[in-house]
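The exercises below ask you to read a fold from its strands, its pocket and its backbone geometry. Each task is followed by a solution in steps.

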Amino acid sequence: MIRVVLLDLDGVIRHFDPSYTADIENRYNLQRGKLASCAFAHPLIDQVTTGQITRSDWIRRIGQQVGVAQAAEEWGAQPARVEDSVLMLMREVRDAGLRTAVLTNGTDSISAELSALGIACQFDAIFNSATIGHAKPDRRAFEHVLDALSVKGSEVLFVDDSASNLLGAERLSIHTHLYTDVATLRAALIAGGVALTA
């Protein structure tokens, strides 16, 4: 029986407009996709999401790699949109007696970012890879969550928009759902025995 719904942050709860990045790259004459390719390349992304470097160090290094510090600073300050329909669904999940939590491959600034968005208090727990020291899909990130919540893998549904991130969870018998939209997530929860309206 599912007792906890564990959500990824970016791509599920929080979204960024790709046109914002495209505009920055256009204004600074950068190749399309250059900022993301530098930001999420290994080992840099591993270092920031496991707490080895700070977010400010990450942004600075991105600026060095693309050759334009200001472009990286603007990229790092991009506004985010919260998926209100997901938050509403999680309120229903909590009303049904389950706990909800977030597991994000984040940086040292996640707490401040979630507070600024006003969503930190809407979950029973927030787990950040930069604090844990291990990032998804590393099974140790999921083991940390299970231990902290005192639940077994079979009692958790993990939701992520990245198929590769689901692998570590599945190794621990955690139920998984590849997120595409809130309607299919609701259907998956109902299929998993969560008492929600269809």
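Two strands are taken to pair if DSSP finds at least two bridges between them. The model used throughout is a predicted one.

**Exercise 1.** Determine which residue in E7 is the bridge partner of Asp160, and in what sense E6 and E7 pair.

*Solution.* Begin with the residue itself: the bridge partner of Asp160 in E7 is Leu178. Then widen the view to both strands, where E6 and E7 are found to pair in the parallel sense over four bridges. Finally, follow the chain between them, since E6, H10 and E7 make a β-α-β unit, and this unit is right-handed.

**Exercise 2.** Work out the strand order of the open sheet and state which strands form its edges.

*Solution.* First, establish one pairing in detail: strand E1 (residues 4–7) and strand E4 (residues 99–104) are joined in the parallel sense by four bridges, and within this pair Val4 stands opposite Arg99 in E4. Next, place the pair in the whole sheet, which is open, has five strands in the order E5-E4-E1-E6-E7, and shows parallel pairing. The edges are therefore strand E5 (125–128) and strand E7 (175–178), because each of them pairs on one side only, and pairing requires at least two bridges. Neighbouring strands of this sheet are turned by 20° against each other on average, with direction ignored. As a last step, add a helix: H9 (residues 139–149) lies across E1, E4, E5 and strand E6 (156–160), and runs at about 155° to E5.

**Exercise 3.** Describe the largest pocket by its volume, the residues closest to its centre and the classes in its lining.

*Solution.* The volume of the largest pocket is about 1000 Å³. Its lining comprises 41 residues, of which Asp10, Arg14, Phe16, Phe40 and Trp58 are the closest to the centre. Sorted by class, the lining holds 14 nonpolar, 15 polar and twelve charged residues. Turning to secondary structure, several elements each supply at least two lining residues, among them strand E2 (14–16), helix H1 (18–27), helix H4 (55–66) and helix H10 (163–170).

**Exercise 4.** Locate the cis peptide bonds before Pro43 and Pro137, and the positive phi of Asn29.

*Solution.* The bond from His42 to Pro43 is cis, with omega near 10°, and Pro43 belongs to the loop between helix H2 (34–39) and H3. Lys136 and Pro137 are likewise joined by a cis peptide bond, for which omega is about 10°, and Pro137 sits in the loop between helix H8 (129–132) and H9. For Asn29, a residue other than glycine, phi is positive, near 55°, and Asn29 is placed in the loop between H1 and H2.

Notes: Residues numbered from 1 in each chain as written. Predicted model: local features only at pLDDT ≥ 70, side-chain atom pairs only at ≥ 80, totals over all residues. Heavy atoms only, no water. Axes fitted to C-alpha atoms, helices over the stretch in contact; angles between N-to-C directions. Contact = heavy atoms within 4.5 Å. 1 Å grid on protein atoms, 1.4 Å probe; cavity = no way out; pocket = protein on both sides within 12 Å on 5 of 7 lines; lining within 4 Å. Points joined across faces, edges and corners; volume = space filled by probe spheres on them. Nonpolar A, V, L, I, M, F, W, Y, C, P; charged D, E, K, R; others polar. Right-handed = clockwise from strand over helix to strand, strands pointing away.
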